[in-house]
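Me: I have a structure open and want to learn to read it. Can we go through it one question at a time?

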Amino acid sequence: MNRTNLALFILLFLSSYASADSWTPPKGLQQIPVWPSGAKVLSGGIQELSPEQVKNTKFTTNVRIPTYTVFRPKTNNGGAALIVFPGGGHTVLAMELEGTEICRRFNQAGITCILVKYRVPYSGCYYDSKTRKHVTPPVPMALQDAQRVISTIRHDAAKYDINPRRIGVTGFSAGGNVTVLSSTRFKDRSYEPVDEIDKVSCRPDFSIPVYPGHTTMEHKNKRPREVAAQELNTDIPISNDIPPTLVIHAADDDINPVHYSDVYVRELKKAGVYVKYKRYRQGGHAFGVRKTGVDSDQWVEAVLSWLRGMGFIRS
């Protein structure tokens, strides 16, 4: 990410748009805690943003208790499910733009969606505007929450009319990073198992990162930067066990430059992973499912076509 644009992006998020953890799901839907009460994994808490940083009310932050919300379609299309991780720089969560709106759109295609309100802030790699460096926190809280939700949904699949072999992940920006990590680091739990749920696989059956961030060695502050920009972040282990992947990105993204996805896709192909790349000319950053008259408007249709071709949903 361009440092000037990144600093501005974070400043806008923190000074103008962040809110406390006040998000609630649409009427009739329920937030379900990701972890059982008293779980050790929550004992460390989070480093909250200050009241001055959370004055306004557009995005969500200071999430101590992560939750998930199940959005069920009117007509189930083969039992496919999509676990959704909103973006926000691992500092806030865009629960509407990259959450509720995404779930509603895929519900129309008969796909059950699970919207995850994972812990923030500082729950994954983030940019510190004071030190002007990227920081990888010692505890990967966002990944912990993601792995737990994947196992939970597979464990409870029958309850939601979900096929346990058709559970995918998607996420946007920082949520795209969570998608990448949950798709590549499923062989090792990022937390000590809690109960029977953690005996169930946390490997997604398919993966759809959308304009993902934090994928190169730039995010480990490696220099020279032009070299780091072409090297995959060492937090992302590559193997041929990674699930089928469809990557979405726009070439004019000035927050998460498109080479973040270029590098990830290149490494997946080298490992023999089944991957498809939709590299749109226009769309910028954080386009969600809102159409603006550019070619990236078609990304949802591309996803549905890909899922049909893979046999995850019916024609």
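Me: Which strands does helix 4 lie across, and at about what angle does helix 4 run to strand 9?
Reply: This is a predicted model, so keep that in mind throughout. Helix 4 covers residues 174-184. It lies across strand 5, strand 9 and strand 10 (206-210). Its angle to strand 9 is about 145°.

Me: How many of the residues of helix 4 are buried?
Reply: A residue counts as buried under 20% relative accessible area. The buried residues of helix 4 include Ala174, Val178 and Leu181. The helix is largely enclosed by the rest of the structure, because the buried count is 11 of the 11 residues.

Me: What covers the buried residues of helix 4?
Reply: Part of the cover comes from strands, including strand 5, strand 9 and strand 10. Helices take part too. Among them are helix 3 (141-155) and helix 6 (259-270).

Me: In what order do the 8 strands of the open sheet lie?
Reply: The pairing in this sheet is mixed. Neighbouring strands are turned by 20° against each other on average, direction ignored. The order is 2-4-6-5-9-10-11-12.

Me: Which are the edge strands?
Reply: An edge strand here pairs on one side only. That fits the two ends of the order 2-4-6-5-9-10-11-12. The edge strands are strand 2 (31-33) and strand 12 (275-280).

Me: Do strand 5 and strand 6 pair in the parallel or antiparallel sense?
Reply: Strands of a sheet pair through backbone hydrogen bonds, either parallel or antiparallel. Strand 5 holds residues 81-85 and strand 6 holds residues 112-117. Leu82 stands opposite Cys113 in strand 6. Over 4 bridges, the sense is parallel.

Me: At about what angle does helix 2 run to strand 6?
Reply: Helix 2 spans residues 96-107. It lies across strand 4 (67-71), strand 5, strand 6 and strand 9 (167-172). Its angle to strand 6 is about 175°.

Me: Are the rings of Phe85 and Tyr118 stacked, tilted or edge-to-face?
Reply: The structure holds 9 aromatic pairs. In the pair of Phe85 and Tyr118, the ring centres are 6.4 Å apart and the planes meet at 65°. Planes over 60 degrees apart count as edge-to-face. So this pair is edge-to-face.

Me: How many residues apart are Phe85 and Tyr118?
Reply: Both Phe85 and Tyr118 are buried. Phe85 is in strand 5, while Tyr118 is in the loop between strand 6 and strand 7 (126-128). The pair links distant parts of the chain, 33 residues apart.

Me: Which residues do ring pairs link into a cluster?
Reply: Ring pairs need centres within 6.5 Å. Here such pairs link residues into a cluster. Its members are Phe106, Phe172, Tyr211, Phe287 and Trp299.

Me: Which residue lies over the face of Phe186?
Reply: A charge can sit over a ring if CZ of Arg is within 6 Å of the ring centre. The distance to the ring centre of Phe186 is 5.7 Å. The residue is Arg203.

Me: Is Lys187 buried or exposed?
Reply: Lys187 forms a salt bridge with Asp241, with the closest N and O atoms 2.9 Å apart. The two lie in different loops, 54 residues apart. Asp241 has 33% relative accessibility, so Asp241 counts as partly exposed. Lys187 has a relative accessible area of 52%, so Lys187 is exposed.

Me: Which residue meets Glu231 in a salt bridge?
Reply: Glu231 is partly exposed, with a relative accessible area of 25%. Its partner is partly exposed too, at 30%. The N to O distance is 2.5 Å, and the partner is Lys222.

Me: Is Ala250 buried or exposed, and how far is Ala250 from Gly284 in space?
Reply: Ala250 lies in strand 11. At 0% relative accessibility, Ala250 counts as buried. Its contacts include Val258, Tyr280 and Gly284. Ala250 and Gly284 are 34 residues apart in sequence, yet C-alpha to C-alpha the distance in space is 6.0 Å.

Key. Residues numbered from 1 in each chain as written. Predicted model: local features only at pLDDT ≥ 70, side-chain atom pairs only at ≥ 80, totals over all residues. Heavy atoms only, no water. Pairing = 2+ DSSP bridges. Axes fitted to C-alpha atoms, helices over the stretch in contact; angles between N-to-C directions. Contact = heavy atoms within 4.5 Å. Phe/Tyr/Trp six-rings, centres within 6.5 Å; stacked < 30°, edge-to-face > 60°. Buried < 20%, exposed > 50% of the residue type's maximum accessible area, 1.4 Å probe, protein only. Lys NZ or Arg CZ within 6 Å of the ring centre and 35° of its normal. Salt bridge = Lys/Arg side-chain N within 4 Å of Asp/Glu carboxyl O. Lists of a residue's contacts leave out its neighbours within four places in sequence.
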